[in-house]
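Here are my notes on the model you sent. Please read them with the structure open.

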Amino acid sequence: MDADLQPGVPHAARIWNFWMGGEDNFAADRAAGEAVAQVYPEIVDMARQSRRFLIRVVRHLAAEVGVRQFLDVGTGLPTMQNTHEVAQAIEPESRIVYVDNDPMVLVHARSLLGAATTYVHADYHDPERILAEAAKTLDFREPVAVMFMGVLGYEPDLEVVRSIVARTMAATASGSHLVLWDGTDTTPAVVEGARRLAESGGVPYILRSPAQLASCFEGLTTVEPGLVQITQWRPDDPEAERIDAYGAVAAKP
Ligand SMILES: C[S@@+](CC[C@H](N)C(=O)[O-])C[C@H]1O[C@@H](n2cnc3c(N)ncnc32)[C@H](O)[C@@H]1O
């Protein structure tokens, strides 16, 4: 059966794709994306800078730490330089499991994936199911990088978010890593942007404080430079602008 893409309803993955400069979006997604960009044009930088952050982190984990397995939850639509491309450019045997619950992501994922890369259509509120499916591709006795990249704001309750992260990390071996970034409530403009998103019929996104995001890393050892604006995480360009998005990488002892 064909996926129900609901083109008339703005979808998170397609709005994000619009901000990233992609073409896998419909008029309703563009209208929601533009409503946000009117009051918070920096959203476009956030989307693009977040991909640069992903690339730097995956390269670091693959090349310097030697991580060979990645669980990327809330993958989004395929765009330039996805996790498997970055990791497999360093180690072709790297194994990647992508997870998303958007029907359009499912349609695209089917055509993208190869032997060492699989896709699980699932909701991140069910980490046990995700872990069971991911275990068909990943060996959880070995380190895994678990990635929640700009996705946990769709869950309004911070305690639920913390539980999702903790339950997922509990299944991983010592030497595994958590990579997490999210939009933060650090300027009035971004808060107004989030309000516009909710008003436009898009799935509301909860901006959190950096301290709230830091609480998701409990029990893990944050690697340098800690929880920072994502443009400041081991930047290629130290002059990169500062944005309302914080992220960190942390190791499981
Ligand atoms: C802002 S996009 C980020 C995409 C990608 N991680 C990136 O960094 O470019 C958020 C993604 O999270 C997905 N998502 C939202 N809620 C989800 C859920 N409950 N379970 C799984 N994926 C979810 C959306 O479908 C969308 O693809």
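1. A term first. Helices here are DSSP runs of H or I with at least four residues, numbered from the N terminus. With that in hand, look at the end of helix 1: Gly21 follows this helix, and its phi is positive, near 95°. Keep in mind throughout that the model is predicted.

2. Helix 1 itself covers residues 12-19. How many of its eight residues are buried? Seven are, so the helix is largely enclosed by the rest of the structure. The buried set is Ala13, Arg14, Ile15, Trp16, Asn17, Phe18 and Trp19. Arg14 and Asn17 are thus listed alongside Ile15 and Phe18.

3. The largest cavity involves helix 1 again. By the probe rule there are three cavities of 30 Å³ or more. The largest of them holds about 260 Å³ of space. Its lining comprises 20 residues, and Trp16, Trp19, Ile43, Leu197 and Tyr205 lie nearest the centre. Trp16 and Trp19 also appear among the buried residues of helix 1. At least two lining residues come from each of helix 1, helix 3, strand 5 and helix 8 (188-199). By class, 16 of the lining residues are nonpolar and four are polar, with no charged residues.

4. Now the largest pocket. It encloses about 550 Å³. The lining counts 28 residues, and those closest to the pocket centre are Ala12, Asp100, Asn101, Val151 and Tyr154. Helix 1, helix 3 and strand 2 (95-100) each give at least two lining residues. What is the class make-up of this lining? The split is 15 nonpolar, eight polar and five charged. In the largest cavity, by contrast, the lining has no charged residues.

5. Helix 3 deserves its own point. Two packed helices are described by the angle between their axes and the distance between the axes. For helix 3 (residues 43-65) and helix 4 (residues 83-90), the angle is about 35° and the axes are 9 Å apart. The crossing is right-handed. Helix 3 contributes Leu54, Ile55, Val58, Arg59, Ala62 and Ala63 to the contact, and helix 4 contributes Thr83, Val86, Ala87 and Ile90. These contact residues divide into eight nonpolar, one polar and one charged.

6. Gln49 is also in helix 3. Is this residue buried or exposed? Gln49 counts as buried because its relative accessibility is 10%, and the cut-off for buried is under 20%. Setting aside neighbours within four places in sequence, Gln49 is in contact with Ile230, Thr231, Glu241 and Ile243.

7. Turn to strand 5 (177-183). Leu178 is located in this strand. Its relative accessible area is 0%, so Leu178 is buried. Which residues does Leu178 contact, leaving aside its neighbours within four places in sequence? They are Val146, Phe148, Val165, Met169, Cys216, Phe217, Leu220, Ala248, Val249 and Ala250. As a distance check, Leu178 and Ala37 are 30 Å apart in space, C-alpha to C-alpha, and 141 residues apart in sequence.

8. Finally, Thr172. This residue sits in the loop between helix 7 (158-170) and strand 5. Thr172 counts as buried because its relative accessibility is 6%. Not counting residues up to four places away in sequence, Thr172 touches Phe140, Val146 and Lys252. Val146 is also one of the contacts of Leu178.

Note on methods. Residues numbered from 1 in each chain as written. Predicted model: local features only at pLDDT ≥ 70, side-chain atom pairs only at ≥ 80, totals over all residues. Heavy atoms only, no water. Axes fitted to C-alpha atoms, helices over the stretch in contact; angles between N-to-C directions. Left-handed = near helix turned anticlockwise from the far one by under 90°. Contact = heavy atoms within 4.5 Å. Nonpolar A, V, L, I, M, F, W, Y, C, P; charged D, E, K, R; others polar. 1 Å grid on protein atoms, 1.4 Å probe; cavity = no way out; pocket = protein on both sides within 12 Å on 5 of 7 lines; lining within 4 Å. Points joined across faces, edges and corners; volume = space filled by probe spheres on them. Buried < 20%, exposed > 50% of the residue type's maximum accessible area, 1.4 Å probe, protein only.
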